[in-house]
Amino acid sequence: MQKGNEMRDLREVSHSDMANAVRFLSADAVERAGSGHPGMPMGMADVATVLFSKILKFDAKCPQWPDRDRFVLSAGHGSMLLYSLLHLCDFPCWDLSAIKSFRQLGSIAAGHPEYGHGPGIETTTGPLGQGIATAVGMALAEEMDRARFGEHLVSHHTYVIAGDGCLMEGISQEAITLAGHLGLSRLVVLYDDNQITIDGSTSLATSEDQQKRFEAAGWDTFEVDGHNPEAVEESILLAKASTRPAMVVCKTRIGFGAPSKSGSAKSHGSPLGNDEISGARLACNWPHSPFEIPDDIREAWRLIGARGGADRMDWKLRLNSAPSQQRALFSDHQARRFPVGWDDALLQHKCQVSQKASATSTRKASGNALEVLTNYIPNLIGGSADLTGSVNTLTSSTAAIAADDFTGRYIHYGVREHAMAAVMNGLSLHGGYFPYAGTFLVFANYFHPALRLACLMKLPMVHVLTHDSIGLGEDGPTHQPVETLAILRATPGLVVLRPADAVETAEAWDIALKRTEGPTALVLSRQDLPVLRLEADDQNKSSTGGYVLSEAACGKRLVSLIATGSEVSIACEAREILEAEGIPTAVISLPSFELFRAAEAKLQSDVLGDDGVLKIGIEAALEFGWREFLGSHGAFVGMKGYGASAPANDLYKHFGITAQAVCERVRGLLSGRSSNE
């Protein structure tokens, strides 16, 4: 093969040359790694080349420029398409060694794009459908920013490459209908219609007309031969000019150029093999060795990466020319800086709640805290999955966002829990906003895949999850989340907070809003709970995850009753009975397992008690995850299976989660201990 190092006039570098550079870098990297998905990058190389060279607004030297266009590779299995583009456009860190280390330990070129691994990766994708839904959040954030700061500072688009798998996933329906309802006209989806999935032809599993589907959701649609660059450019420009979100159906051939595997599932999810790649090189007139890019083609791509520098400088001039107050507001927003004094206002609220001492559900206590917080913090963007009145996430400061008014701060997500969580990810990734939204705890199972990605990406946000136990009562076991707390606590990177009263709820919001790396779940009660902390100060006792709420009074501690949320008041009632019987008993509130695990060992020991102290866990949920706090001789009072439909008080008695049941368990264990001594 020829070396191809002779410099040609840059005007002679053809679209085919540019696309083949992407196509074969991708195929070669997959081949070197011995695993990956070469077919999609080879098939979409033409479309991606047009997008990056003709349409996309970006500056490779400044990947975080706020007014850049966003590009989301929803079909994340084709990650080498993105990595090849980032390398060719000369993004920082994306040298050839990064491409050659594709899918290797420590490489920024992971098997699927991972946010934070390398510049230019706007979001983590791979689980299909997540990218397109996250992009809806990015496009919504752009509309909101433009409404707040003006088109002179905010005017960009969000582009998505999605495949058949993305559109089969249910989250895509939630996302595209929300985008259509809100009229997100700066959102363009490039649909890789290659009619192939891993199993084979898409006709095996689906026969939808995707254009009609998108049109029914309020989108404009266009169709184009994905290997005709002029037609692709024209279609993307039409989509960009649309007054509605737009989808371009790109008819492509997966594994384009491969002599025997193109157009088939054989090019989808495994390396092509040397003979097949050699045949593709011949078919595509690419006579260059693996990973070799001729200098003129490389220079042409580098110039594409630098082209946006002028746009960025023009934008910077506009920012510098803006009034000083607007510049400061924009800067604070981009940095997600909260106004000075918000935490003092929350502390004052906490003290008032403690002094008032009136019983209330923690969901209502959360709403009261949000009323204070949203008044101070404009970055807070609320929402709910059609449960606003139940989850108490709407405040007097958060007007609803609508297609004709993006100045609001509250999103009516409808019954779309999964898309809600992904859109929150997009809002956070776009920059500036701190999203929070609510639904019932049991429905966290609907959105867990998007929540898991938020944890992977360390995105700050709050999920308000109410109706947290059998305490919700008559709605029954379909809505009583006995297993969901364990699922959330098992999710790395997520901090779960289940406050016991209105005071701890205020502290939980303080913790959540001060977290900069990762989401927080606030798990809240439907039923009213008494205020247990009647003296609140500036110390956030919940911040260590657990603390002694009431120490043993009638002697050296013999028993620790460890509880969370609504069951802490049950523990307090049991303590009074046991203390009256001469059994020294402490109550431990444990609002967050994660924060408590992170605390120093001495603090943990001081709170829980030494090995000689009998430890009883109390929670209206399954025991899974509790044993580490109870020791080998401790016990758990809680649920053993699903709940039932009945008033809450009857359910607590029926399932044995009462102060009397706790006391009986303690007496039995202490009696057994005495008889063994």
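The following questions and answers concern the helix packing, sheets and cavities of a predicted model.

In this predicted model, local features need pLDDT of at least 70 and side-chain atom pairs count only at pLDDT 80 or more, while totals for chains, interfaces and linings use all residues. Residues are numbered from 1 along each chain as its sequence is written, and side-chain values use heavy atoms, with hydrogens and water left out.

Q: How are helices α1 and α10 oriented relative to each other?
A: Helices are DSSP runs of H or I with at least four residues, and strands are runs of E with at least two, numbered from the N terminus. Axes are lines fitted to C-alpha atoms, for helices over the stretch in contact, with angles from 0 to 180 degrees between N-to-C directions. The axes of α1 (residues 15-33) and α10 (residues 274-283) come within 11 Å and cross at roughly 170°. Because angles over 145 degrees count as roughly antiparallel, α1 is, relative to α10, roughly antiparallel.

Q: Which residues of α10 make the contact with α1?
A: Contact means heavy atoms within 4.5 Å. On the α1 side, the contact is made by Phe-24, Ala-27, Asp-28 and Glu-31. From α10 come Asn-274, Ile-277, Ala-280 and Arg-281.

Q: Which strands are the edges of the sheet β1-β2-β3-β7-β6?
A: Two strands pair if DSSP finds at least two bridges between them. This open sheet has five strands with parallel pairing, and its twist averages 20° from one strand to the next. The strands that pair on one side only are β1 (70-73) and β6 (220-225).

Q: Which residue of β2 stands opposite Val-72?
A: Strand β1 runs parallel to β2 (residues 158-163), and four bridges join the two. Opposite Val-72 in β2 stands Val-160.

Q: In β18, what is the bridge partner of Gly-617?
A: A five-strand open sheet has the order β14-β16-β15-β17-β18, with mixed pairing. Within this sheet, four bridges join β17 (residues 614-619) to β18, and these strands run parallel. The partner of Gly-617 in β18 is Phe-636.

Q: What is the volume of the largest cavity?
A: On a 1 Å grid over the protein atoms alone, a cavity is a set of points where a 1.4 Å probe fits but cannot get out, and lining residues have an atom within 4 Å of a point. Grid points are joined across faces, edges and corners, and a volume is the space filled by probe spheres set on the points. The structure holds four cavities of 30 Å³ or more. The largest cavity is lined by 14 residues, and its volume is about 140 Å³.

Methods. Parallel < 35°, antiparallel > 145°, perpendicular 65-115°, else oblique. 1 Å grid on protein atoms, 1.4 Å probe; cavity = no way out; pocket = protein on both sides within 12 Å on 5 of 7 lines; lining within 4 Å.
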